[in-house]
Protein chains: 2
Amino acid sequence: MHDGFGAVSLFLENQPHAATGPLQGLSFAAKDLFDVAGLPTTAGNPDFAERWGLPRRDAWAVAALKQAGAKLIAKTHTHELAYGITGINPHFGTPQNPKVLGGIPGGSSSGSAVAVAAGLVPVALGSDTAGSVRIPASFCGAYAYRPTHGAIPTKGMVPLAPSYDTVGLLAADPELMLRFARVLLADALPVVGFDRAVILRDALELCAPEAQVATLWVASKLESLGIKIEEKSLGLLQEARETQRVLQGAQAWGFHQKWIEEKQPRLGADVRRLLEMASSYSPGEIGRALSEQVRLRSEMGTWLEPGTLVLLPATPSAAPPLADLQETEQALEFRWRTLSLTCYASVLGVPVVTVPAAQPGEKPIGVQLVGAWGSDRGLLELVQQAWE
Amino acid sequence: MHDGFGAVSLFLENQPHAATGPLQGLSFAAKDLFDVAGLPTTAGNPDFAERWGLPRRDAWAVAALKQAGAKLIAKTHTHELAYGITGINPHFGTPQNPKVLGGIPGGSSSGSAVAVAAGLVPVALGSDTAGSVRIPASFCGAYAYRPTHGAIPTKGMVPLAPSYDTVGLLAADPELMLRFARVLLADALPVVGFDRAVILRDALELCAPEAQVATLWVASKLESLGIKIEEKSLGLLQEARETQRVLQGAQAWGFHQKWIEEKQPRLGADVRRLLEMASSYSPGEIGRALSEQVRLRSEMGTWLEPGTLVLLPATPSAAPPLADLQETEQALEFRWRTLSLTCYASVLGVPVVTVPAAQPGEKPIGVQLVGAWGSDRGLLELVQQAWE
């Protein structure tokens, strides 16, 4: 198999799987953040596998897909420690965006998005803490699914910040995404329908025209299905991003602290900077972020009754050129603007499906459909019906 | 009106209330952590009211009860800043336990529990972060209710740690508690029934015989209603307490830091010690507690399906003598042992009703009935039917 875009960290052969099942005949890839029995888990860092030890069993999600008959054929590259949204990896190389020449793939599930967009696999496992399946899906023109927090077990997946970490999917089409998601959503969540979608006006204001047009196109598609469209400002996108920045940082630092202090592993400049920043948060600052999150969940959640969708772009623009993100200032501006769009759902812990929504002939860009807590099945089925 | 037990911080006259409503003809008291328009909120600290400013409106819960026809007749003493479980207050005096001569009232909702137990009011508002209505209810022989986190708005209540803070009730009988709770539970939660109750064996092992006997008595009462009784060890009570200690401390410090650093307010020795400890937590320590909480919620929550109750004592013994808690070491041991029983529900954010369950002629002791998330109404109705 040809991996011309550098998505794969390790090709796999002879991975066992059930002979029959709902995913029979389908192959998949898994971000190198998921354990596969007997193989190193690198998490995109050259020293991590030694710390983590050789996994004796597959991660829960990997095992579930294999038991349903799917064949694991590759592990894919990730932004280092899953702590970044560009997919640029100084240790293992950066997967190329198959749809945008010279454009970043997005991250952290960079290799999984590229593997799907390049046709290597129909579906790939990623993780999503602050947008890590939604962002590369947007840039590479794939579908993505971030589940309700806790709905899919994260066992055997390297943590970044457990209070936001989720097992996500990237897929070439929504019907396959639904089939894979059904296997992973072991507990039967009820299926809710949707009759109302709210476009976040203040999210659009952070975005380039292509992202605005994409969102309105998704809204018109939903309207044609009988869903009522409204437009409103939430007013809390920056607060959600700042809250998650602190609470995610504290957890990431909490997990890596001992390793970094004792082993001085190699770290890329961006990840080192983020972890150093987190190590300097004061207890009062983290405590205030915890309190603020309670307020945000209460205020932001009131819009998200069952039956309501929230629509906003997955990224503020199509994939920027890799060369544009070499300067720290530009990279930081790209980071905060993008996370302003994705942290909304992460802070609420609610499910999101990202759909490709570029105009014909344009670079890919994705739009997020955010549903109420536990509305995963309804959301996935809606997208499957509308986009198939 | 006579307040021989020192429960009241301020008697109120002419507080307006609706002429008719479901609580017509009933009076209530509110812990001095709740705003009452035009009156200082002391939060049990002599310098707090100045910082907080004179409230212009009633706290949400106070207003809701008044609108339902109840008459607010007193504000009640609280453990300083609601940050303690004994009710001992060096600034305003300690309410006396009306049922145990020389025994502590318990806290932090000390005055509300004493006001109810002494017959001053049938129902009183308290707050519950880590047990603050459940503990004094147990020691004073009252009923208490801690709601599902977020089910009753905390607006206008001085925060301790918003991710655990709840508006609670103390009541002389379960029928009145249910009536007050119905007014506060504005959003209609579905009523679920219960068919199974699990006694936490490892909780009983932390307790004196009277607490063990009380729990078994409650279980037998439930069994006579057709509820199946099981006994199991959870194994995570200490972990829950330690996680809440860190995350609660960080939030409390986050809220009070600026005031303490800039104004050097008077603080009791115990509260000063807790806040100083919290101010020294490292970001990694808090981050690890956040991650641990995700694990605990997942593991502890699996027992708490709708339809299941968990039973454990509200306190490890009946009220200890105030004199026994003057030594720091004994006070700390009392604190950690008690919080091992109450943090379970606080970390999960699930509802609890505490019922008095002492043998005839013995000192009061309470037992917690813990229900699944959102099972508040079913829990309150079960207790009302069983204990009326």
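In this predicted model, one may begin with B:Leu311, a residue of chain B. Apart from neighbours within four places in sequence, B:Leu311 is in contact with B:Ala197, B:Val198, B:Ile199, B:Leu200, B:Thr215, B:Val218, B:Ala219, B:Val367 and B:Leu369. The wider setting of B:Leu311 is the largest nonpolar core, which has 259 residues. Within that core, A:Leu311 and B:Leu311 are the residues with the most contacts.

The relation between the two chains may be considered next. A turn of 180°, with a shift of 0.0 Å along the axis, lays chain B on chain A with an RMSD of 0.0 Å. This is the relation of a two-fold axis. Which residue of chain B comes closest to the rotation axis? That residue is B:Pro283, whose C-alpha is at 3.1 Å. The two copies use the same surface, since 100% of the contact residues of chain B recur in chain A.

The contact between the chains can also be described residue by residue. On the side of chain B there are 23 residues, and they are in contact with 23 residues of chain A. Three helices of chain B, namely H8, H9 (269-279) and H10 (283-301), each supply at least two residues of the side that touches chain A. Of that side, the largest share comes from H10(B), with nine residues. When the residues of the side of chain B that touches chain A are sorted by class, twelve are nonpolar, ten are polar and one is charged.

Helix H8 of chain B also takes part in a contact inside its own chain. H8 (residues 237-263) packs against helix H11 (residues 328-348) of chain B, at an angle of about 85° and with the two axes 8 Å apart. How does such an angle translate into words? Angles of 65 to 115 degrees count as roughly perpendicular, and H8(B) and H11(B) are therefore roughly perpendicular to each other. From H8(B), the residues that meet H11(B) are B:Leu237, B:Gln238, B:Ala240, B:Arg241, B:Thr243 and B:Gln244. Their counterparts in H11(B) are B:Trp336, B:Leu339, B:Ser340, B:Cys343, B:Tyr344, B:Ser346 and B:Val347. The residues of this contact of H8(B) with H11(B) comprise seven nonpolar, five polar and one charged.

The backbone also deserves attention. Most residues other than glycine have a negative phi, and most peptide bonds are trans. Against that background, several places in the model may be examined. In chain A, the peptide bond that joins A:Gly107 and A:Ser108 is cis, with omega about 10°. A:Ser108 is found in the loop between strand S3 (71-76) and helix H3 (110-117) of chain A. In chain B, the peptide bond from B:Gly107 to B:Ser108 is cis, and its omega is near 5°. The loop between strand S3 (71-76) and helix H3 (110-117) of chain B holds B:Ser108.

The loop between S3 and H3 of chain A also contains A:Leu81. For A:Leu81, phi is near 60°, a positive value in a residue other than glycine. Is A:Leu81 buried or exposed? With 25 other C-beta atoms within 10 Å, A:Leu81 is buried. In chain B, B:Ala43 has a positive phi near 50°, and this residue is likewise not a glycine. B:Ala43 lies in the loop between strand S2 (27-31) and helix H1 (48-52) of chain B. B:Ala43 is buried, with 25 other C-beta atoms within 10 Å.

Methods:
Residues numbered from 1 in each chain as written. Chains lettered and ligands numbered in written order. Predicted model: local features only at pLDDT ≥ 70, side-chain atom pairs only at ≥ 80, totals over all residues. Axes fitted to C-alpha atoms, helices over the stretch in contact; angles between N-to-C directions. Helix = DSSP H or I, 4+ residues; strand = E, 2+ residues; numbered from the N terminus. Parallel < 35°, antiparallel > 145°, perpendicular 65-115°, else oblique. Contact = placed C-beta atoms within 7 Å. Nonpolar A, V, L, I, M, F, W, Y, C, P; charged D, E, K, R; others polar. Least-squares fit on C-alpha atoms with pLDDT ≥ 70 in both. Core = buried A, V, L, I, M, F, W, Y, C linked by C-beta atoms within 7 Å. Buried ≥ 20, exposed ≤ 12 C-beta atoms within 10 Å, placed from the backbone.
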